[in-house]
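This report covers selected local features of the structure shown below.

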Amino acid sequence: MATDSPAYRPATLLVQGGVERSPFGETAEALYLTSGFVYDSAEQAEATFKGEIAHYQYSRFGNPTISMLEARLALIEGAEACRCTATGMAAVHAAMLSHLKAGDRVVASRALFGSCHWIVSTLLPRYGIATSFVDGGDLAQWRAALATPAALVLLESPSNPMLEIVDLAAVAALAHAAGAIVVVDNVFATPLLQKPFELGADVVVYSCTKHIDGQGRVLGGAVLGRRKWVDEVLQPFIRNTGPSISAFNAWLLLKGLETLALRVEAGCRSAAAVADFLAAQPGIARVWYPSRADHPQRDLAMAQMTAGGTMVTFEVAGGKDAAFRLMNALRLVKVSNNLGDSKSLATHPATTTHMRIGAEERARLGITDGVIRLSVGLEDVRDIQDDLARGLAAVSG
Ligand SMILES: *Cc1c(COP(=O)(O)O)cnc(C)c1O
């Protein structure tokens, strides 16, 4: 298939990468909504199960629509192989549990998505896996934690919600010296803005629920890595534990990928403008946006990423009361804990996504009660700014 060529540029791969046409020659990717597959003969079934011939068996193991999504994601990421899952958390869980065993050690950055934090802090220790957290932006802490052998490093950059940047190349070098594989949750950067494999990552995971769908419709996840690891470590785990994605959701995600570059580019442009707008407002104590000169790790962010992303985090002077007043006065921007959507969404992390980690951990991460996380969507940026001005007027009024 000529369109599978990795020589094509990302925008082309997003639209045509990985397409496998049926004999009917359909234009759009075919949706194979089937649980099972039939064989020409008992002999063909036997040969399939022996691994002598390539034939789909059962959609828990593989499905042509899902395979197209996996092929397209692998091409965009520059990965040897990809497996998709029902959710982003299923992807993180499968990437970690397929690789780990009792007695192993995991080191993770503290600033993780809430459920990733739970897996590291609560689930893994139950199975005899030792875990420790470091402040992701502090290389000295990584160095200390990785001075003893480890099996796996999990990190997120930029982090949710404070947009902290981890030095991927430096941490990967330390992790590899300690014997660990590096798993990067690349959701905030999207497959377009940051290439973790080029910086030393071994595995990249996505919640496809976010920018890859980008239209608030379905859940999905992806794990990308080397062919040998995916075939020998990840695939048996997925095949036998069943976190498989629906072919229907995979089909919607293929359609989402077709517009990913346009959406991310527009979202980044608007987010940068919104960050500058907010920074100029009197009621705002602080703004975090990776490409702004006042981001504490701006140089590192721009060395690793090609743009600042679609997320802006800011702190309203006046704590929870002011943050709630601002959010309740918004009419265009919706209050929601989702992100990466075409609709602009505002979240109060301290009382929602990061409530369960507790006040002490929130304080360590800098998530104060005045912090609001904004996922900038595809509306006209002037309307988003007008809405935020309305919110700020409600704080001071
Ligand atoms: C949303 C998210 C996840 C989890 O993905 P789901 O699809 O909701 O399961 C993991 N990591 C990050 C950074 C996320 O934003």
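## A buried glutamate

In this predicted model, E156 is buried but forms no salt bridge. The nearest side chain of opposite charge belongs to R373, 7.7 Å away, whereas a salt bridge requires a distance within 4 Å.

E156 is located in strand 4, which covers residues 152-156. Its side chain makes polar contacts with the backbone: the side chain of E156 reaches the nitrogen of F113 at 2.6 Å and the backbone nitrogen of N160 at 3.1 Å. Leaving aside residues up to four places away in sequence, E156 touches S109, A111, L112, F113, E164, V166 and D185. F113 is thus among the residues in contact with E156.

## Packing of helices 4 and 5

Helix 4 (residues 88-97) packs against helix 5 (residues 114-126) at an angle of about 40 degrees, and their axes are 10 Å apart. The crossing of helix 4 and helix 5 is right-handed.

On the helix 4 side, the contacting residues are M89, V92, H93, M96 and L97. They meet S115, C116, I119, V120, L123 and L124 of helix 5.

## A threonine in strand 11

T347 lies in strand 11 (residues 345-347). T347 counts as buried because its relative accessible area is 2%, and the cut-off is under 20%.

A polar atom of the T347 side chain lies 2.6 Å from the backbone oxygen of S336. Beyond residues up to four places away in sequence, T347 touches M327, S336, N337, N338, T352, T353, V371, I372 and R373. R373 is also the residue with the nearest side chain of opposite charge to E156.

Technical notes. Residues numbered from 1 in each chain as written. Predicted model: local features only at pLDDT ≥ 70, side-chain atom pairs only at ≥ 80, totals over all residues. Heavy atoms only, no water. Helix = DSSP H or I, 4+ residues; strand = E, 2+ residues; numbered from the N terminus. Buried < 20%, exposed > 50% of the residue type's maximum accessible area, 1.4 Å probe, protein only. Lys, Arg positive; Asp, Glu negative; His and termini not counted. Polar contact = N/O pair within 3.5 Å; in protein donor to acceptor, adjacent residues only side chain to side chain. Contact = heavy atoms within 4.5 Å. Axes fitted to C-alpha atoms, helices over the stretch in contact; angles between N-to-C directions. Left-handed = near helix turned anticlockwise from the far one by under 90°.
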